[in-house]
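Q: Hey, I've just opened this one and I'm new to it. Can you walk me through what's there?

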Amino acid sequence: MLRLKKRPRPAVTLPLTALIDIVFLLLIYFLLTSSFIHREGLNLSLPRALSGKTVKAPLTVYVDRNGTIYFEKKRTRAEELVKVLSQRLATRQEKKVMVEADRRAPLEAVVSAMDAARLAGAKTLSLATEKPRAP
């Protein structure tokens, strides 16, 4: 009878270093491409625009769907907004104001908020939008 020597089987190993590198690259990619925007205060449904750019404004005025104007989490009228904004803008180098208006807000209220910001001395006025959702 013929006896064959049993060969030891080679250990099968997965190259974990390459897998870990790929996992970390994917993690970094998703962290960098995700948007972590947290809006405080009002639940607004912003108008959508493809051409919108990211702008950071230190002062933000909100207009809700009923046309109510808010500044610094307080309900305000356009006349009061001029006074408060002019005080805030006087202490800042950048005279930027962002208006975040609900897409269903009356146009008159949005224009009133923008006009109040201009009368208060804002040099740059931005209207907040969001990118349209993919179909």
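Q: In what order do the elements of the protein run from the N terminus on?
A: They go α-β-β-β-α-β-α-β. That makes 3 helices and 5 strands. Helices (H or I, at least four residues) and strands (E, at least two) are DSSP runs, numbered from the N terminus.

Q: Anything I should know about the model before we dig in?
A: The model is predicted, with local features needing pLDDT of at least 70 and side-chain atom pairs counting only at pLDDT 80 or more, while totals for chains, interfaces and linings use all residues. Residues are numbered from 1 along each chain as its sequence is written, and side-chain values use heavy atoms, with hydrogens and water left out.

Q: OK. How much of the protein counts as buried?
A: Of its 135 residues, 27% do. Buried means under 20% relative accessible area, exposed means over 50%, and partly exposed is in between (1.4 Å probe, protein chains only).

Q: And how much area does the protein expose?
A: About 11,100 Å², with carbon and sulfur atoms supplying 58% of that. Accessible areas come from the Shrake-Rupley method with a 1.4 Å probe, and for residues only the protein chains shown count as cover.

Q: Which residues of the largest nonpolar core touch the most other members?
A: Val61, Val63, Ile69, Leu81, Leu85 and Val97, out of 20 residues in that core. A nonpolar core here is a set of buried Ala, Val, Leu, Ile, Met, Phe, Trp, Tyr and Cys residues joined through side-chain atoms within 4.5 Å.

Q: Which elements give two or more residues to this core?
A: Strands E1 (59-63), E2 (69-71) and E4 (96-101), plus helices H2 (78-90) and H3 (107-120). H3 has the largest share, 6 residues.

Q: Let's zoom in on threonine 60. Is it buried or exposed?
A: Threonine 60 is buried, because its relative accessible area is 17%. You'll find it in strand E1.

Q: What is threonine 60 in contact with, leaving aside neighbours within four places in sequence?
A: Tyr70, Phe71, Met98 and Glu100. Contact means heavy atoms within 4.5 Å.

Q: What about contacts across the whole chain?
A: Take the contacts between residues at least 6 apart in sequence: 72% of those join residues at least 24 apart.

Q: Switching to charges. How many salt bridges are there?
A: The count is 6, where a salt bridge is a side-chain nitrogen of Lys or Arg within 4 Å of a carboxyl oxygen of Asp or Glu.

Q: Why would side chains pair up like that?
A: Because side chains of opposite charge can pair when their charged atoms come close.

Q: Got an example that links distant parts of the chain?
A: Arginine 103 forms one with glutamate 130, their closest N and O atoms being 3.5 Å apart. Arginine 103 sits in the loop between E4 and H3, and glutamate 130 in the segment after strand E5 (124-127), 27 residues apart. Arginine 103 counts as partly exposed because its relative accessibility is 33%.

Q: Which residues do shared partners join into one network?
A: Arg77, Glu79 and Glu80. Within that group, arginine 77 and glutamate 79 have their closest N and O atoms 3.1 Å apart.

Q: Any other salt bridge worth a look?
A: Glutamate 94 and lysine 96 meet in one at 3.8 Å, N to O. Glutamate 94 is partly exposed at 45% relative accessibility, and lysine 96 is also partly exposed, at 23%.

Q: Now the backbone. Where is phi positive in a residue other than glycine?
A: Glutamate 72 is one of those spots, with phi near 55 degrees. Lysine 73 is another, at about 65 degrees.

Q: Where are those two?
A: Glutamate 72 lies in the loop between E2 and strand E3 (74-76), and lysine 73 is found in that loop too. Glutamate 72 is partly exposed at 37%, whereas lysine 73 is exposed at 66%.

Q: Last thing: how many aromatic pairs are there?
A: Just 1. The rings of tyrosine 29 and phenylalanine 30 have centres 5.2 Å apart and planes at 70 degrees, so the pair is edge-to-face. The rule: rings of Phe, Tyr and Trp (its six-membered ring) pair if their centres lie within 6.5 Å, and planes under 30 degrees apart are stacked, over 60 edge-to-face and the rest tilted.
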